[in-house]
Amino acid sequence: MKRRGRGVACCWYGIARTAAVDRAGAWVELDDGGTVKVTTGVTEIGEGILTTLCQIAAEEMGVRPKDVTLGDNDTARAPEAAHAGATRQTYIIGNAVASACRDARDKFIKEMAQHWNVPGELIDTRAGEVWVRGRDLRMSMAEAVDVLKKQHGIVIVGSGSYTSLHTPLDPETGRGEPWQSYVFGTQIIEVEVDTDTGEVQVLGVWAAHDVGRAVNPQGVEGQIEGAVVMALGQALMEDFTLKDGRTTTPGFAKYILPTSLDVPQVNSIIIEDRDPKTPLGVKGIGEPAMVPTAPAIINAIYDAVGVRITRLPATPERVLEALRAKRANEADIAL
Amino acid sequence: MPDIEIRLTVNGRKFARRCAPHLRLLDFVREELHLTGNKEGCGAGECGTCSMFVNGVLHKSCLLPVAKAQDAEIVTVEGLAREDELTILQRAFHKAGASQCGYCIPGMVMAATATLRRNPHADLEEIKEGLGGNICRCTGYQKIFAAVELARDVMNGALPATALEEETYRGSYIGASVRRLDAPSKVSGALRYAADMTMPNMLHMQVLRSPMPHARIAALDVSEAATMAGVETVLTCNDVPGVDNYGVFIDDQPVMARGVVRYVGEGIAAVVAENPLIARAALAKIKVRFEELPAVFDAEEAMQPGAPQLHDAYPGNVCKHTKIRKGDVERGFAESDLIVEETYETQAIEHAYLEPEAGLAYLDADGTVTVQAPDQNITHHRHMLARILNRPINTVRLIMSPVGGGFGGKEDMLYQGMLALAAIKTRRPVRYVFTREESFIASAKRHPFRIRYRMGLRKDGRILATSMYMIADGGAYAMSGPGVMNKAAILGAGPYAIPNVRMDAICVYTNNTPAGAMRSFGAFQSEFSTEAHLDLCAEKLGMDPIELRRVNAMRDGAITHTQAQLGSVSLLRTIEAAAQAARWAPGEPHRQTRGEQRPDLGGNDTRKPCTLGARLARITTPANTVGSASERKAVQT
């Protein structure tokens with residue numbers, strides 16, 4: 001028999017390194033052709049941070065994302081930006097890049113104000129153009145770079161770094177402020193349980209996550225969808241097992257991963273509770289999105305068939321075993 | 001065995017080559033023809049990233065001896081796009097955001113191409129089946145499905161070609177779904193990961209790994225291996241010039257085993273040779289005499305008096321104990337109407353990034369040693385390497401190669417020390433590529449947890465006290481374990497206002513595969529138990545599980561379990577948003593079996609369950625295939 005049920009779970013997560021100094025630096029140059037060169041030791045591991053940083057730099061400098069060239073992750077060439085982890089890159093490195101861009105842009109505005117002999121407050125930049133509000137003075141960023149370099153001998157460069165506040169934890173009570181920013185989320189999950197085979201299929205996920213400010217909504221969805229499916233794997237099938245220290249699951253034939261046929265429809269809801277403590281208001285999503293999925297699945301299994309799985313993964317064997325125990329228990333009660 | 005003569009056509013060009021007979025089609029294409037677009041992910045036909053067309057049929061090229069492809073027409077991912085113009089499908093992948101790390105993507109693009117060639121009107125179910133032999137660890141497949149459906153609709157004229165173009169953005173670039181800038185290089189196979197990189201005079205490294213979970217190395221003789229033809233050098237711990245002891249929080253790990261092995265898969269010696277075949281043959285010539293030591297495989301047993309000890313500096317095998325004490329939990333329990341206890345267990349899992357570990361090390365002209373590898377933390381890896389190599393830090397250079405998935409698994413340093421030593425000693429570039437099996441046995445996993453949970457609540461659902469006693473199996477080395485304990489303890493009780501909290505997160509050394517950093521880092525395990533436990537409590541209280549969370553949710557200005565004050569708290573907003581989107585019908589858990597009427601199940605925003613044999617039934621009535629495609633579209637609009 002097939003039965004459906006739903007479960008809910010919430011999560012919270014701290015952004016950036018835990019109760020420890022976290023920091024990143026970035027350099028920016030306004031380059032020929034009105035392009036922007038950003039250098040920072042960022043680690044793109046697939047989440048899309050390079051695109052995110054290009055969007056941030058484009059917005060801050062007044063160019064287009066495709067005008068931004070990113071030099072990354074070479075300890076001999078780029079300033080330190082540390083690791084891809086702790087849901088920190090958009091937050092720490094994004095704000096470092098923004099602050100470096102603001103430094104460069106301030107210098108650029110000051111020089112253009114001198115060149116045009118207008119107050120800097122009247123100058124705007126956007127999508128590759130620089131102009132003076134209320135005056136017929138404008139040029140492309142490419143021309144502006146040319147003018148500054150060839151007429152005034154000025155190369156516009158900026159730098160910036162970002163750190164987040166924390167206090168260490170007291171070793172006995174744990175008292176302390178491990179992070180300055182937190183995110184929250186809730187997932188509801190619908191499953192179908194086959195009471196004959198014990199197999200659980202996850203059919204639908206509604207995932208609402210606060211990310212602070214979504215720099216790239218498609219990228220945020222991608223993080224939520226990937227996290228949900230990775231957690232589905234841990235909830236239902238993945239198990240790295242050892243016997244006397246030797247693995248019995250040494251490859252993908254024995255270690256079962258979710259495939260295209262296992263995955264639910266994921267409905268993401270992005271909540272933006274901007275972080276007032278940082279220049280950009282961004283927080284993060286990579287890790288928190290994975291937290292509520294497994295318990296929501298386990299709770300949905302209970303809703304569907306009335307068995308509580310307390311030991312992951314909820315394999316068909318374990319679900320069947322729990323169903324058998326439940327039936328035996330109910331028979332006892334009936335007697 | 002003598003070389004064989006291979007003639008075949010690849011991407012429209014004829015090739016005739018003499019090559020070693022053991023080569024697989026994948027090796028031939030990647031190593032002989034330098035077409036590295038298709039990747040090796042598992043070498044066992046399980047992951048699909050090596051998928052190529054052989055005479056028009058999709059094949060996993062890691063399973064095909066090249067001799068079997070004699071005279072065949074091969075198309076690799078490089079052969080799909082003509083003259084730098086991406087195919088409709090590749091452009092759809094770009095538009096839909098279907099690539100993340102990109103390592104599975106060449107195979108995905110090939111499998112999706114095959115699916116739409118087979119049936120240009122394939123519906124979502126058929127697309128899913130077509131991709132069923134390809135694993136993606138990053139995307140959750142959703143955007144890949146969307147990309148294939150988009151390509152199908154453009155090819156069929158259901159959508160205009162402009163649907164593939166980037167949207168024009170008005171207003172801020174922040175908040176716009178700008179297409180990923182690196183996607184074209186990933187869908188075309190142009191992006192080179194570490195295993196795709198070559199350098200002139202490059203050598204290859206292989207590592208001898210421990211077959212024993214705990215043993216003293218009584219004798220290690222590499223002399224025969226070192227003198228084999230084609231072997232350049234063999235490295236052991238004696239080659240480490242600096243401090244051979246590193247880690248993230250605790251320095252407890254040698255570059256290669258130093259006198260003792262503590263887990264199966266630990267590196268003992270590294271052979272550097274002209275090719276991987278010679279290097280592997282030389283591994284067999286290394287003689288090790290082990291004296292077996294008593295081993296311990298269970299974290300709680302490892303804490304008992306008399307248990308085998310792994311590290312002298314940590315008697316009792318406890319490498320980290322994070323405590324949180326807030327309020328008075330015993331009083332909280334005494335004042336509770338209901339006390340609920342349960343034990344939860346979470347398992348070790350493998351990160352299973354599609355790209356196995358790999359790296360390339362060489363000396364720059366000025367003598368700087370450079371390691372290029374998919375490192376999630378070049379900053380810290382450089383700090384550690386400078387100490388290990390005993391060099392000024394500015395003569396050690398780390399360059400991150402494109403990372404084919406990490407999830408924390410490429411954060412804890414593992415093999416970069418051996419690579420750097422090999423480049424310094426041989427003065428030649430050295431490459432090391434893990435097999436999937438090697439990645440499984442050698443790399444860190446997610447910490448398995450055992451959690452004893454006790455929660456006290458009032459009848460109205462208010463939580464008065466939470467106590468969580470968590471024991472984590474850290475395996476043979478600490479790696480990121482102490483940080484994982486911190487996060488488990490700080491976040492474990494969940495985003496709820498609880499006056500009395502007692503948390504213990506204890507990381508224990510055992511002779512199991514080490515555990516390390518993995519996405520959600522201790523919060524996955526601890527919050528799992530809290531959220532499962534709340535469901536149990538809701539049932540006992542006869543409450544709706546969302547209502548129980550609302551009652552306890554932290555609100556703006558809440559005090560956390562570490563007694564920090566929060567600013568804005570968005571938890572209730574996420575609860576309401578999820579409940580509304582899912583049309584949550586309130587009720588206590590276990591409704592289905594009570595036969596309650598459920599208006600909430602089976603909506604358009606869920607997928608259909610898989611039913612065995614369903615497609616066979618459909619194939620016999622082809623009209624249905626078209627029907628379900630339009631049905632699917634109706635659901636989407």
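In chain A, strand 5 and strand 6 (residues 129–132) pair in the antiparallel sense, and four bridges join them. The model is predicted, and this briefing covers the sheet of chain A with the helices that pack on it, followed by helix 3 of chain B.

**The sheet of chain A**
- Within the pairing of strand 5 with strand 6, Thr125(A) has Val130(A) of strand 6 as its bridge partner.
- The open sheet to which these strands belong is formed by three strands of chain A in the order 5-6-7, with antiparallel pairing.
- Strand 5 (123–126) and strand 7 (138–140) of chain A are the edge strands, each of them pairing on one side only.
- On average, and with direction ignored, neighbouring strands of this sheet are turned by 15 degrees against each other.

**Helices packed on the sheet**
- Helix 2 (residues 89–116) of chain A packs on the sheet by touching strand 5 and strand 6, and its direction makes about 125 degrees with that of strand 5.
- Helix 3 (residues 141–150) of chain A also packs on the sheet, where it touches strand 5, strand 6 and strand 7, and its direction makes about 95 degrees with that of strand 7.

**Helix 3 of chain B**
- Helix 3 (residues 105–118) of chain B has 14 residues and reaches 20 Å from its first C-alpha to its last, which is close to the 20 Å expected at 1.5 Å a residue.
- This helix of chain B is largely enclosed by the rest of the structure, because 11 of its 14 residues are buried; among them are Ile105(B), Met108(B), Val109(B) and Leu116(B).
- The elements of chain B against which its buried residues pack include strand 3 (51–54), strand 4 (57–60), helix 2 (88–96) and helix 5 (142–155).

Methods. Residues numbered from 1 in each chain as written. Chains lettered and ligands numbered in written order. Predicted model: local features only at pLDDT ≥ 70, side-chain atom pairs only at ≥ 80, totals over all residues. Pairing = 2+ DSSP bridges. Helix = DSSP H or I, 4+ residues; strand = E, 2+ residues; numbered from the N terminus. Axes fitted to C-alpha atoms, helices over the stretch in contact; angles between N-to-C directions. Contact = placed C-beta atoms within 7 Å. Expected span 1.5 Å × (residues − 1). Buried ≥ 20, exposed ≤ 12 C-beta atoms within 10 Å, placed from the backbone.
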